[in-house]
Amino acid sequence: MIDTHCHLNDEKYENVDEIVNNYLSAGVDKVVCASSSFSASIKAGEIAAKYPSVYYTVGIHPDEVDEFDIDRLESLVKKASNKLVAIGEIGLDYFHNKENKSEQIHAFISQIELANKYKLPIVIHCREAYGDTLDVLKQHPPKYGAVMHCYSGSLEYARQIIALGYKLSFTGNVTFKNAKNIKEVAQNIPEDSFFLETDSPYLTPEPNRGKRNEPKNVFFVAAVIADLRGISKNKLSEITDKNAIEFYKFK
Ligand SMILES: [Zn+2]
């Protein structure tokens, strides 16, 4: 089982050894440690160097756009190991800040171009910015894949993303009782269009909601989606792992 998006580099994890042991013994054999800032990107690279099961991304999240510096980011990509699997998380967040839309869009586009230059896929963070995100993707297409992480949009929007050849990934929020829309998406999109993640330490799935999240909880996400699609958990994780491997091309 693969957790395609977690933040082992988050300061909420004081003991990364323990978190890694927890997921390995639960049956998660690979995780992607996603980054949102320069310090997180550097830390993700260090964690990936230490643990064979950890792959990583580098990127500047829209909330951190004030520190955006494409040359500095490119220097991280240049000296990255072969465990760097994507640029992310990048994108647009108008929930936290809509005063700096043009800076966010500029940083998003520059990072798509960087990903294309280094033949990497991108991991997209999108919050209350669906229209502009789609416009950017159409005008500056990522050439090596893109995933809308923590997908929380409509089924119609999901179909537009999938039609462009891009993927979705689902977190613990699909397990929440009030998550009718996300459940509808997870139930109805094609088998080859999505994979699973935790976004831990955030978005803890039911039945552990309220506690700190960990990659080992990706099984709760799998169970709910398997149920929605009427297949076994094993079959579901076989499908989603295959999709994740094709997308991230783990070395
Ligand atoms: Zn994340």
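**A friendly note on some helices and one histidine**

1. In this predicted model, let us begin with two helices that meet: the axes of helix H7 (residues 180–188) and helix H8 (residues 218–229) come within 8 Å of each other and cross at roughly 65°. Angles of 65 to 115 degrees count as roughly perpendicular, which makes H7 roughly perpendicular to H8. The crossing of H7 past H8 is right-handed. To find the contact on your screen, pick out Lys183, Ala186, Gln187 and Asn188 on H7, then Val224, Ile225, Leu228 and Arg229 on H8.

2. H7 also meets helix H6 (residues 155–163): their axes come within 9 Å and cross at roughly 40°. The two helices are therefore oblique to each other. H6 passes H7 in a right-handed crossing. Which residues of H6 and H7 meet? From H6 they are Leu155, Ala158 and Arg159, and from H7 they are Glu184, Val185 and Asn188. Do look at Asn188: it is listed in the contact with H8 and in the contact with H6.

3. Now turn to helix H3, residues 70–78, where Leu73, Glu74, Leu76 and Val77 are buried. Why do they sit on the same side of H3? The reason is that they cover an arc of only 155° around the axis. A general rule helps here: an α-helix has 3.6 residues a turn, so residues three or four places apart point the same way.

4. What covers those buried residues of H3? The cover includes two helices, H2 (38–50) and H4 (101–117), together with two strands, E3 (54–58) and E4 (84–93). On the face of H3 turned away from the buried side you will find Asp71 and Lys78, which are exposed.

5. Stay with H3 a little longer and look at its N-terminal end, which is capped by Asp69. A side-chain oxygen of Asp69 lies 3.1 Å from the backbone nitrogen of Asp71. So Asp71 appears twice in this story, as the partner of the cap and as an exposed residue of H3.

6. Finally, find His7, in the loop between strand E1 (2–6) and helix H1 (16–26). Is His7 buried or exposed? Its relative accessibility is 7%, and buried means under 20%, so His7 counts as buried. Leaving aside residues up to four places away in sequence, His7 touches Tyr13, Ala34, Glu89, Asp199, Ser200, Pro201 and Tyr202. Try showing these partners around His7 in your viewer.

Notes. Residues are numbered from 1 along each chain as its sequence is written. This is a predicted model: local features need pLDDT of at least 70, side-chain atom pairs count only at pLDDT 80 or more; totals for chains, interfaces and linings use all residues. Side-chain values use heavy atoms; hydrogens and water are left out. Helices (H or I, at least four residues) and strands (E, at least two) are DSSP runs, numbered from the N terminus. Buried means under 20% relative accessible area, exposed over 50%, partly exposed in between (1.4 Å probe, protein chains only). Contact means heavy atoms within 4.5 Å. The arc is that of the directions from the helix axis to the C-beta atoms. A polar contact is a pair of N or O atoms within 3.5 Å; within protein, one must be able to donate a hydrogen and the other to accept it, and residues adjacent in sequence count only if both atoms are side-chain atoms. Axes are lines fitted to C-alpha atoms, for helices over the stretch in contact, and angles run from 0 to 180 degrees between N-to-C directions. Angles under 35 degrees count as roughly parallel, over 145 as roughly antiparallel, 65 to 115 as roughly perpendicular and the rest as oblique. A crossing is left-handed if the near helix is turned anticlockwise from the far one by less than a right angle, and right-handed if clockwise.
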